[in-house]
Amino acid sequence: MLTIKRIYQTDCTLGILNLGDSFRCHTVELPWLDNQRNISCIPAGTYECEKHFSPSQGLCISVKNVIDRSDILIHVANSVTELLGCIALGDSSRDINADGIPDVTSSSKTLDKLLDLLPDKFQLVIS
């Protein structure tokens, strides 16, 4: 099972993603703003997910049945400015663009590693 344990901040939401004991990485999302479209992270909960090919993001992960939201993905991105409610992941967390907000590093390589380990469909638990 895929899990994300979040740390909510005023300017972003950071997290640690785990796939059992076999994989761990960092996540960054928009801050929690009451699940508002395009400006908030999604609510904590359990979601069905599947590998997905997005015309704009390429191979990524689709997060299904998010209440009052659609098109939520886990995709390649390094900073919250590249997100509209989706989740970005990377191998570490630090401010790489000097805007004072934490980012994730090596997003493309990290997502590729995770996709290699995941089945086509699986659950994600966000807490």
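Reader: Let's start with one residue. Which strand is Ser 54 found in?

Author: Ser 54 belongs to strand E4. One thing to keep in mind as we go: this is a predicted model.

Reader: Okay. Is Ser 54 buried or exposed?

Author: For that, look at relative accessibility, where anything under 20% counts as buried. Ser 54 comes out at 6%, so this serine is buried.

Reader: What does the side chain of Ser 54 have around it?

Author: A polar atom of that side chain sits 3.1 Å from the backbone nitrogen of Gln 57. If you skip the neighbours within four places in sequence, Ser 54 is in contact with Cys 60 and Leu 73.

Reader: Let's zoom out. How many helices and strands are there in the protein?

Author: You'll find one helix and ten strands. Walk along the sequence and the pattern reads β-β-β-β-β-β-β-β-β-α-β. The radius of gyration is 13 Å, close to the 14 Å that the globule rule gives for 127 residues, so the protein is as compact as a globular protein of that length. Along the principal axes, the C-alpha atoms fill a box of roughly 35 × 30 × 30 Å.

Reader: Which strands does E10 join, and how do they run?

Author: E1 and E10 run parallel, with three bridges between them. E4 and E10 run antiparallel, and six bridges join that pair. Val 125 is a handy residue to click on. Thr 3 has Val 125 as its bridge partner in E10, and Thr 46 stands opposite Val 125 too.

Reader: Which way do the side chains of E10 point?

Author: They alternate along residues 121–126. Phe 122, Leu 124 and Ile 126 point to one face and are buried. Lys 121, Gln 123 and Val 125 point to the other face and are not buried.

Reader: What tends to happen to nonpolar side chains?

Author: In soluble globular proteins, they tend to be buried together. In this model, the largest nonpolar core has 23 residues, and those touching the most other members are Leu 2, Leu 17, Ile 61, Val 63, Ile 74, Leu 114 and Leu 124. Take Leu 114: leaving out residues up to four places away in sequence, Leu 114 touches Leu 2, Leu 17, Leu 19, Phe 23, Ile 61 and Leu 89. Apart from the largest core lies another of 13 residues, including Leu 14, Leu 30, Cys 60 and Ala 77.

Reader: And what about Arg 6, is that residue buried or exposed?

Author: Arg 6 is buried, with a relative accessible area of 10%. You'll find Arg 6 in strand E1, residues 2–8. Its side chain makes a polar contact with the side chain of Tyr 8, at 3.0 Å. Beyond the neighbours within four places in sequence, Arg 6 is in contact with a list of residues that includes Thr 13, Glu 29, Cys 41 and Ile 126.

Reader: You mentioned Cys 41. Why is there no bond between Cys 12 and Cys 41?

Author: Check the distance between the sulfurs, since a disulfide needs them within 2.5 Å. The sulfur of Cys 12 has its closest cysteine sulfur in Cys 41, 9.8 Å away, which is too far for a bond. The count by this rule is zero disulfides. Both cysteines are buried, Cys 12 at 0% relative accessibility and Cys 41 with a relative accessible area of 0%.

Reader: How much of the protein is buried overall?

Author: Buried residues make up 47% of the 127. As for contacts between residues at least 6 apart in sequence, 48% join residues at least 24 apart.

Note on methods. Residues numbered from 1 in each chain as written. Predicted model: local features only at pLDDT ≥ 70, side-chain atom pairs only at ≥ 80, totals over all residues. Heavy atoms only, no water. Buried < 20%, exposed > 50% of the residue type's maximum accessible area, 1.4 Å probe, protein only. Core = buried A, V, L, I, M, F, W, Y, C linked by side-chain atoms within 4.5 Å. Contact = heavy atoms within 4.5 Å. Helix = DSSP H or I, 4+ residues; strand = E, 2+ residues; numbered from the N terminus. Polar contact = N/O pair within 3.5 Å; in protein donor to acceptor, adjacent residues only side chain to side chain. Pairing = 2+ DSSP bridges. Rg over C-alpha atoms; globule rule 2.2 N^0.38 Å.
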